[in-house]
Amino acid sequence: MPREDRDLWFKQFAQDFNWERDLTTEVRRMFDVEMAREFSHTVNQWKQKWVLGETPKCINEKVYEGLKDHWIQPATKKTSSTNSNNRNSRRGGKGISTHNAGSTSFFTRGKQLTTRDGVAPDHLTLMEDTHTNKKTKEIQDQVAKQVIEVCRKRKDEYILSQPPLDDDGQPPKVPLELMNQIVLEETPKTKGRIFGLGKLGKRTRSHPTSSYMYNRDPELERALQEKDDRIEVLEKLMEEEKQANKKRDEEIAKKDAEMAKFMQDVLSRLPPNSSS
């Protein structure tokens, strides 16, 4: 995506939302990340249309022609084929890699769990969440299953090595940093990526605590929460208006039916036309 387009979109974004001046760099970085992800997803949808012989709607003709030229290049086809083979790899008899996070990245899922639970998840919790089938409650990926079993065992061993109760009278817990380190030690790594965590492991090595990764700036989180709150209020108002309109339409329909019945009754009482 051209830099000038991103600059224009960010200016439009900045007109709708407010934040402290010191947060602009971080907001812009997160904006670029989200825009890149969304743009990549959109281009992929366009390509799927092209493969089916269809033309995407609402796309600039010159842009579409440029994309088609790019997609037919040998280098592009080779990269696409390599990525497809990697996704469908049997991994030496271990089966195709699977997870249940859908298109949500592991980092984004971590933020969602933080919002839901009020505390940043450790890597074991995140792996369990993203690899456990929501219906069967089973871990489908064999590699993930082995890693989780080993990490759970080490977690239990640590807890058993601690006093039954801590200073607050609570059962012992594995510190978040230690649990993350255990997962990183037990998890296979390929080209800098941590299996089951994507590029999240790289973030972890730079910033050891998940709380930093998922709650990097309270002011930024507050601004984003305010935006979500405004959206929620608007959605609530729209739903209330929808229900009010529905009720009004039902009342009008009821009155129309009553009027039609009344007129039918009146006409039935009139004497028959005696003119000849």
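This passage describes the fold, the nonpolar cores, the aromatic pairs and one pocket of a predicted model.

The chain contains 11 helices and two strands, and, read along the sequence, these elements follow the pattern α-α-α-α-α-α-α-α-β-β-α-α-α. Both strands thus appear after eight helices and are followed by three further helices. Of the 276 residues that make up the chain, 23% count as buried.

In soluble globular proteins, nonpolar side chains tend to be buried together. In the present model, the largest nonpolar core is made up of 12 residues, namely L124, M127, I139, V143, A144, V147, I148, C151, V174, M179, I182 and V183. Three helices, α6 (123-131), α7 (142-160) and α8, each supply at least two residues of this core, and the greatest contribution comes from α7, which gives five residues. A second core, separate from the largest one, consists of six residues, including W46, I59, Y64 and W71.

Between helices α6 and α7, both of which contribute to the largest core, the chain passes through a loop that holds K137. The phi angle of K137 is near 65 degrees, a positive value in a residue other than glycine. With a relative accessible area of 60%, K137 is exposed, since this value lies over the 50% cut-off.

Aromatic contacts were examined next, and the count comes to two aromatic pairs. In one of them, the ring centres of F10 and F31 are 5.2 Å apart and the ring planes stand at 70 degrees, so the pair is classed as edge-to-face, for which the angle must be over 60 degrees. Because F10 belongs to helix α1 (residues 3-16) and F31 to helix α2 (residues 24-51), the pair ties together parts of the chain that are 21 residues apart in sequence. Both F10 and F31 are buried; for F31, the relative accessible area is 9%, which is under the 20% limit for a buried residue. The surroundings of this pair include R28, which lies over the face of F10 at 4.9 Å from the ring centre. The C-alpha atoms of F31 and W9, which are 22 residues apart along the chain, are separated by 9.5 Å.

The other pair is formed by W50 and W71, whose ring centres are also 5.2 Å apart. The planes of W50 and W71 stand at 35 degrees, so this pair is tilted. Distant parts of the chain are linked here too, with W50 in helix α2 and W71 in helix α3 (residues 61-71), 21 residues apart. The two partners fall into separate accessibility classes, for W50 counts as partly exposed at 26% relative accessibility, whereas W71 is buried, with a relative accessible area of 6%. W71 is also one of the residues of the second nonpolar core.

Attention then turned to the second largest pocket, which holds about 300 Å³ of space. Of the 13 residues that line this pocket, the closest to its centre are V119, A120, D122, T125 and V174. By class, the lining comprises eight nonpolar, one polar and four charged residues. Helices α5 (106-117) and α8 (176-186) each supply at least two residues of the lining. V174, listed among the residues closest to the centre of the pocket, is also a member of the largest nonpolar core, and helix α8, which takes part in the lining, likewise supplies at least two residues of that core.

Terms used. Residues numbered from 1 in each chain as written. Predicted model: local features only at pLDDT ≥ 70, side-chain atom pairs only at ≥ 80, totals over all residues. Heavy atoms only, no water. 1 Å grid on protein atoms, 1.4 Å probe; cavity = no way out; pocket = protein on both sides within 12 Å on 5 of 7 lines; lining within 4 Å. Points joined across faces, edges and corners; volume = space filled by probe spheres on them. Helix = DSSP H or I, 4+ residues; strand = E, 2+ residues; numbered from the N terminus. Nonpolar A, V, L, I, M, F, W, Y, C, P; charged D, E, K, R; others polar. Core = buried A, V, L, I, M, F, W, Y, C linked by side-chain atoms within 4.5 Å. Buried < 20%, exposed > 50% of the residue type's maximum accessible area, 1.4 Å probe, protein only. Phe/Tyr/Trp six-rings, centres within 6.5 Å; stacked < 30°, edge-to-face > 60°. Lys NZ or Arg CZ within 6 Å of the ring centre and 35° of its normal.
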